[in-house]
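Student: I have a protein in front of me and would like to go through its fold. Can we take it step by step?

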Amino acid sequence: MAVAELGVVVLDCPDPRALARFYADVLGGTVEGEGDWVDLKLPDGRSLAFQAAPGFVPPKWPAPDDSQQFHLDLTVPDLDAAEKAVLELGARLLDAEDRSRTFRVYADPAGHPFCLCAC
């Protein structure tokens with residue numbers, strides 16, 4: 001028997017509302033809240049939360065000596081179209097050298113790595 005169930009994934013960042021808006025543009029949903037804690041309510045009922053972190057230092061990727069902490073895998077039907085869209089929204093390309101792979105790696109505007117996956 002499980003002890004708990006997952007409530008929400010929380011991303012530390014310098015500007016919670018701005019990062020929530022980025023992910024709302026990528027995933028859909030509505031941004032709720034102000035200040036140090038902002039929620040993104042996704043269309044399927046799940047949520048992501050964004051928390052202000054003074055002194056935030058983005059994860060390094062790739063960095064064998066440093067942890068990327070975590071990353072999100074976002075499933076998309078068309079890698080090329082999704083790549084164009086996230087780059088226009090402010091993402092930064094980290095790894096797409098092998099265009100035959102089913103995934104590409106990006107950083108969100110706060111520096112968290114995420115993958116677009118056609119899996």
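Student: What percentage of the residues of the protein count as buried?

Tutor: This is a predicted model, in which local features need pLDDT of at least 70 and side-chain atom pairs count only at pLDDT 80 or more, while totals for chains, interfaces and linings use all residues. Residues are numbered from 1 along each chain as its sequence is written, and side-chain values use heavy atoms, with hydrogens and water left out. Buried means under 20% relative accessible area, with a 1.4 Å probe and protein chains only. Of the 119 residues, the share that counts as buried is 37%.

Student: Which element supplies the largest share of the largest nonpolar core?

Tutor: A nonpolar core is a set of buried Ala, Val, Leu, Ile, Met, Phe, Trp, Tyr and Cys residues joined through side-chain atoms within 4.5 Å. The largest one has 26 residues, and L19, Y23, L40, F50, F114 and L116 touch the most other members. Helices (H or I, at least four residues) and strands (E, at least two) are DSSP runs, numbered from the N terminus. With 5 residues, the largest share comes from α1.

Student: Why is the protein called as compact as a globular protein of its length?

Tutor: The radius of gyration is taken over C-alpha atoms, and the globule rule is 2.2 Å times the number of residues to the power 0.38. For 119 residues the rule gives 14 Å, and the protein is as compact as a globular protein of that length because its radius of gyration is close to this, at 15 Å.

Definitions and conventions:
Buried means under 20% relative accessible area, exposed over 50%, partly exposed in between (1.4 Å probe, protein chains only).
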